[in-house]
Amino acid sequence: MKHLQAINPLFFSILILLCFTNCSTDDVGDNENVTSIAVKLKSTVGELENVYMQIEDVQFKVKEDDNAHNAWMSLNTINQGTFNVCNLNEDVALLLVDHIEIESTFIHEIRLVLGDNNFIDANGLLMSLEVSDLGNSRPSNLVKTDLVSNRSYEFVIDLDIDKSISFNEEENMMVLNPKIYTAIRQFEY
């Protein structure tokens, strides 16, 4: 019985020691060099009503040289697909990136990556919007922003639809060359 009384404090001491040694800096939440990112898309529209764009990705340019390995970083777009961008306005924005954490770094540009399924619905007549040869399937904006650690950033990409669509008479086709503008908001966590 006396042996059990001597083991009891030793057992509790080992148990407490194990509890404290299993904690790590990740468990405590010590993320010194990360930034939270959200990206939304909205549009400014005048005359056009039904313009559909296929969104495949949102990317940051993190290296100045376009030819450098890993110059562009994908932001894991959550809402990929074809959307009527005319429905996106001040009150309704499409969430493309939902508060992902990335390493704090300098951002040179932000860009949308579009697919080939882009079209306009004009009174029930669907017309394809060319983006590959005459248009721009990867519109970007210079943002030149240094992301600060332990901050949250919201990038709002504003697409001017009326300025983005034109008719090419030589090729007899509608062309999508997105004109985008980016607003950046910074919050502390």
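The following is an exchange about charges, burial and contacts in a predicted model.

Colleague: What makes up the chain in terms of helices and strands?
Modeller: The chain has 3 helices and 13 strands. Of its 189 residues, 37% count as buried. Its accessible surface comes to about 11,600 Å², and carbon and sulfur atoms hold 49% of that.

Colleague: How do you know how much of the contact set comes from residues 24 or more positions apart?
Modeller: Contacts in the chain with a separation of 6 or more were taken, and residues 24 or more positions apart account for 77% of them.

Colleague: How many salt bridges are there in the whole structure?
Modeller: A search of the whole structure finds 3.

Colleague: Why is the pair Lys40 and Glu154 called a salt bridge?
Modeller: The closest N and O atoms of Lys40 and Glu154 are 3.2 Å apart. The cut-off is 4 Å between a side-chain nitrogen of Lys or Arg and a carboxyl oxygen of Asp or Glu, so the pair qualifies. Lys40 lies in strand S1 (residues 34-44) and Glu154 in strand S10 (residues 151-160), 114 residues apart, and the pair links distant parts of the chain.

Colleague: Why is Glu154 called buried, and what is Lys40 called?
Modeller: Buried means under 20% relative accessible area. Glu154 has 13%, so Glu154 is buried. Lys40 has 27%, which lies between the 20% and 50% limits, and therefore Lys40 is partly exposed.

Colleague: What makes Arg185 and Glu154 a salt bridge?
Modeller: Their side chains meet at 2.6 Å, N to O, and this is within 4 Å, so the criterion is met. Arg185 sits in strand S13 (residues 180-188), 31 residues from Glu154 in strand S10. The relative accessible area of Arg185 is 42%, so Arg185 too falls in the partly exposed range.

Colleague: Which residues are joined into one network by salt bridges that share partners?
Modeller: The network consists of Lys40, Glu154 and Arg185. Glu154 is the partner of Lys40 and also of Arg185.

Colleague: How do you know that Lys61 and Glu109 form a salt bridge?
Modeller: The N to O distance is 3.4 Å, which is within the 4 Å cut-off, so the pair counts. Lys61 is in strand S2 (residues 51-61) and Glu109 in strand S6 (residues 106-114), 48 residues apart.

Colleague: Are Lys61 and Glu109 buried or exposed?
Modeller: Both are buried.

Colleague: What does Ala183 touch, not counting residues up to four places away in sequence?
Modeller: Ala183, in strand S13, touches Glu154, Phe155 and Val156. From Val156, Ala183 is 27 residues away in sequence and 5.2 Å away in space, C-alpha to C-alpha. At 36% relative accessibility, Ala183 is between the two limits and is therefore called partly exposed.

Colleague: Which residues form the negative surface patch?
Modeller: The patch is formed by Asp133, Glu169, Glu170 and Glu171. Asp133 is in the loop between strand S8 (125-130) and strand S9 (140-146).

Colleague: Why is Asp133 called exposed?
Modeller: The relative accessible area of Asp133 is 71%, and exposed means over 50%, so the label applies. Patch members need over 30%, so Asp133 passes that limit as well.

Note on methods: Residues numbered from 1 in each chain as written. Predicted model: local features only at pLDDT ≥ 70, side-chain atom pairs only at ≥ 80, totals over all residues. Heavy atoms only, no water. Helix = DSSP H or I, 4+ residues; strand = E, 2+ residues; numbered from the N terminus. Buried < 20%, exposed > 50% of the residue type's maximum accessible area, 1.4 Å probe, protein only. Contact = heavy atoms within 4.5 Å. Areas by Shrake-Rupley, 256 points an atom, 1.4 Å probe, with all protein chains shown as cover. Patch = residues over 30% accessible without salt bridge, like charges linked within 9 Å, V, L, I, M, F, W, Y side chains within 5 Å. Lys, Arg positive; Asp, Glu negative; His and termini not counted. Charge placed at Lys NZ, Arg CZ, Asp CG, Glu CD.
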